Each structure stands twice: as C-alpha cells, then as structure tokens.
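Take a look at the fold below before reading on. The report that follows walks through its helices, sheets and cores.

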Amino acid sequence: MINYLYIHLPFCIKKCIYCDFLSVPYDNLFARRYVEALEREFFLRKEITGKLKSVYIGGGTPTVLSAESFARLFASLRESFEFYPDAEITVEANPGTIDEDKIQILLSLGVNRLSVGVQSFVDKELLTLGRTHSSDEALRAVDIVKKSGVKNFSIDLIYAIPGQTPESWEYTISRALEFSPEHISTYELTPEHGTPLHEALKEKKLMMPGEEIIVEMYSYTIDTLTGAGYRHYEISNFAKEGLECIHNLNYWNRGEYIGIGAGAHSFWSDKRIKNTGDIKKYIELLNYNQLPIDESIEISCEDALKEIIFLGLRKTEGINMRSIKEELGVKLHEAAKDLLKEGLIEIDGSYLRLARKGLVLSNEIIVRLFEKLGI
Ligand code: SF4
C-alpha cells in the first residue's frame with residue numbers, strides 16, 4: 001500500500017519566465033471543474049492507497065484556489081483516504097495569493113506545512129524572473145505564515161538569477177533567516193529548453209552569472225545555513241533537526257507514491273506512471289470515470305540502479321552501498337575508486353556520498369559512475 005500522495009494544481013496568476021511546470025492562468029470556473037475531476041481521481045485511486053503519511057499539494061500556485069475549493073478538496077480527500085495522525089500535509093503558497101484568512105482556513109483543514117515560493121527578496125530579480133509579487137509582498141507573506149502558528153514552514157529561494165550578485169544573494173538569505181523558518185530550499189536557476197528564459201539567454205537579452213559566481217553563491221549558502229543551525233540534508237534543501245520534508249525524502253529514497261492531477265507522476269510496482277498533461281482531457285476522462293494515464297513505463301534493473309544513484313546522491317546521507325550489493329549485486333565502491341581518490345566523493349561505513357568538493361559537480365560525477373558501471 002502506498003502512503004505518499006501528491007496533488008497537482010496547475011493554476012498560476014501568470015507564467016514565470018523560467019517555468020516549465022504544468023500551469024495555466026487561473027480561472028475560477030475551470031478550477032472548480034478541475035477540483036471535481038481531482039475528487040473523481042481520489043475515488044479511483046483509493047484502492048491502491050494505504051494510510052497516508054504525507055500529502056503534498058503543489059503546482060502551479062495552489063493558493064490561487066478559493067477557500068471554498070480548498071474546503072471541498074480536503075473534505076473529499078478525507079472521505080477517500082485515511083491519514084496517520086501526524087501525517088505531513090504541505091501546501092505550496094505564493095506571495096500575493098495568501099492572506100491571514102486563507103492561511104487560517106488551510107490550517108483548520110489540517111495543513112501543517114507551508115512552502116512559500118519567495119525566490120528572492122530583491123525586486124529587480126523578481127522582475128527578471130517574471131514573478132508576480134514584489135519583495136514587500138514576499139516579506140508580508142512570510143510574516144503572515146510565521147505568525148499563523150503553522151508548525152512547519154519552508155522558504156523557497158533561487159540563486160544564479162541573471163543580474164544577481166553574491167551580495168544580493170547574501171541579502172536574500174539574510175532576510176529569509178530573520179524569519180527562522182524550519183526549512184529553506186535553495187535552487188539553482190536552470191534555463192530549461194522552451195522557456196522564455198532560455199530564449200532570452202540565447203538572444204543575449206539576459207546573461208547568467210558566471211560559473212565561479214554560482215559556485216561562490218552555493219558555497220555561501222551551505223556555510224551560512226549550516227552555521228545558522230540548519231542540516232544540509234539534500235543538495236538544495238536545509239532543515240532544522242527533525243524537520244526535513246518527509247514527502248520529498250520519500251522521492252529521494254525511491255519510495256512509492258501516487259500523483260493525482262493533470263501531468264502528475266506516480267511510482268509503484270516498479271512502474272513510473274504519468275497522467276495526461278492536457279488539463280481539458282484530464283477533466284473529460286474523469287467525467288467518464290476513466291484513469292487519466294498517459295504513460296506507464298516498467299523500470300528495468302538497470303533503470304532502477306540509475307535512479308538509486310541519481311536520487312541517492314542528492315541526499316547528503318548518500319547511497320547505501322550494502323543494500324545495492326544485496327539487491328542488485330553491484331559493487332559501487334569499486335566503480336567509485338577514482339572519484340574517491342580525487343576527493344569528489346566520501347565513503348562512510350556502507351554509505352557513499354558526494355564530498356563538499358563534489359556537491360557542485362554532481363551531474364558530472366553521476367555520468368562518470370554510470371560509465372564505470374557500464375549503464
Ligand atoms: S509560480 Fe511557479 S508554477 Fe507558477 S509559473 Fe511561476 S514558477 Fe511556474
């Protein structure tokens with residue numbers, strides 16, 4: 001039985017220039033029809049879902065939804081699924097779409113973790129990213145969340161923004177730390193193909209900061225956040241002791257999960273399954289009580305090994321080499337000998353992890369390990 005549930009809400013006020021997530025402009029009526037479709041998918045999925053340890057509502061911007069839609073969504077969630085009393089229930093919240101009332105309603109519905117998409121506390125950078133909120137709105141949003149009494153909240157930030165400097169990144173980090181959030185995520189901006197950011201870089205309308213500056217920003221992040229008492233538990237994630245995001249840890253541990261909603265991914269019984277990304281089709285299929293599956297891929301042993309390495313190296317705990325040897329007969333430490341000599345990885349008991357020097361070279365290290373293993 002599967003204990004982790006993701007729900008995708010694909011609505012935003014406006015598309016950010018770097019975004020390649022599934023999201024469309026918010027429309028109240030369309031969103032209501034979408035929530036009805038989600039309810040139908042809950043019903044169709046409940047057979048394979050066990051008692052829930054975590055529910056993560058992501059997007060999009062889930063908090064564009066009205067309080068009534070959230071109330072309906074949660075009523076239906078609780079009707080379809082059982083929850084552990086201490087289940088982690090996260091909602092992603094964006095500045096400009098939350099106020100005290102909405103947050104209180106979310107908490108009354110059982111939400112106990114909020115992940116606030118701040119990205120930067122510098123107006124110029126927010127404008128470059130095409131975010132709809134200002135730095136003042138971001139500060140107000142985090143203040144509301146902090147004062148709401150929520151048990152656990154995270155601030156999401158982005159570095160390597162065109163025009164960003166190490167000083168402006170230090171400023172953003174320091175403003176985030178003033179709120180003492182339980183969790184901070186810091187993502188390096190990646191220009192994905194097909195996004196306006198990618199185009200703007202190609203046409204030289206924008207320029208990414210140089211590689212050295214990006215490494216400097218990342219190193220600063222690790223030093224400052226660990227110095228402030230946060231545990232660096234995943235390449236991009238930091239948490240106060242015991243407040244790591246259990247939902248995301250399940251992904252990195254290659255645990256099973258169900259994804260509900262348009263474009264959502266699921267993983268169970270050694271299959272990676274993807275729902276249709278066509279939101280209208282998603283609603284239509286569920287109107288006929290049909291599962292909205294677009295793709296279902298069986299994971300081979302080789303794929304599983306790749307996933308274990310790729311996901312496991314994201315965690316600072318690393319990969320358990322003993323279990324890989326027992327389950328797949330693969331001797332990872334032999335494949336990693338050269339990387340160890342170069343100081344890019346560390347071995348601690350049966351765990352293999354990226355060394356500090358290797359954290360910024362994770363993609364290259366993964367490719368080298370795959371080559372050594374012949375996969
Ligand atoms: S708010 Fe998030 S999901 Fe929405 S457009 Fe921006 S990056 Fe994409």
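## Helix H1 and its partners

Helix H1 crosses helix H10 in a left-handed manner. This is a predicted model. H1 covers residues 28–45 and H10 covers residues 279–287. H1 also packs against helix H2, residues 67–80. The table sets out both pairs.

| Helix pair | Axes come within | Crossing angle |
|---|---|---|
| H1 and H10 | 9 Å | roughly 50° |
| H1 and H2 | 9 Å | roughly 5° |

What do these angles say about orientation? Angles under 35 degrees count as roughly parallel. H1 and H2 cross at roughly 5°, so they are roughly parallel to each other. H1 and H10 cross at roughly 50°, so they are oblique to each other.

Which residues make the contacts? On the H10 side, H1 uses Arg33, Tyr34, Ala37, Arg40 and Glu41. They meet Ile279, Tyr282, Ile283 and Leu286 in H10. Towards H2, H1 offers Ala31, Arg32, Val35, Leu38, Glu39, Phe42 and Phe43. Their counterparts in H2 are Ser69, Arg72, Leu73, Ser76, Leu77 and Ser80.

## The nine-stranded sheet

Now turn to the strands. Strands of a sheet pair through backbone hydrogen bonds, either parallel or antiparallel. One open sheet here has nine strands, and its pairing is mixed. The order is S9-S10-S8-S7-S6-S5-S4-S1-S11. Its edges are strand S9 (231–234) and strand S11 (258–260), each of which pairs on one side only. On average, neighbouring strands of this sheet are turned by 20° against each other, direction ignored.

Look at the S9 edge. S9 and strand S10 (residues 237–239) run antiparallel and are joined by three bridges. Arg231 sits opposite Ala239 in S10.

## The three-stranded sheet

Another open sheet has three strands in the order S15-S17-S16, with antiparallel pairing. Strand S15 (319–320) and strand S16 (345–348) are the edge strands, and each pairs on one side only. Two bridges link S15 to strand S17 (residues 351–354) in the antiparallel sense. Asn320 has Tyr351 in S17 as its bridge partner.

## The nonpolar cores

How many residues make up the largest nonpolar core? The count is 75. Leu5, Val55, Val116 and Val145 have the most contacts inside this core. Strand S1 (residues 2–9) supplies the largest share, six residues.

Val116 shows what such packing looks like. Residues up to four places away in sequence are not counted here. Val116 touches Ala93, Pro95, Ala141, Val142, Val145, Phe153, Ser154, Ile155 and Asp156. A second, separate core has 17 residues, including Ile309, Leu313, Leu344 and Ile345.

## A closer look at Ile246

Ile246 lies in helix H9 (residues 246–252). Is Ile246 buried or exposed? Neither label fits. A residue is buried if 20 or more other C-beta atoms lie within 10 Å of its own, and exposed if 12 or fewer do. Ile246 has 19 such atoms within 10 Å, so it is partly exposed.

Which residues does Ile246 contact? Leaving aside neighbours within four places in sequence, Ile246 is in contact with Lys53, Ser54 and Glu88. Val55, one of the residues with the most contacts inside the largest core, is 191 residues from Ile246 along the chain. In space, the C-alpha atoms of Ile246 and Val55 are separated by 9.9 Å.

Technical notes. Residues numbered from 1 in each chain as written. Predicted model: local features only at pLDDT ≥ 70, side-chain atom pairs only at ≥ 80, totals over all residues. Pairing = 2+ DSSP bridges. Helix = DSSP H or I, 4+ residues; strand = E, 2+ residues; numbered from the N terminus. Axes fitted to C-alpha atoms, helices over the stretch in contact; angles between N-to-C directions. Core = buried A, V, L, I, M, F, W, Y, C linked by C-beta atoms within 7 Å. Contact = placed C-beta atoms within 7 Å. Parallel < 35°, antiparallel > 145°, perpendicular 65-115°, else oblique. Left-handed = near helix turned anticlockwise from the far one by under 90°.
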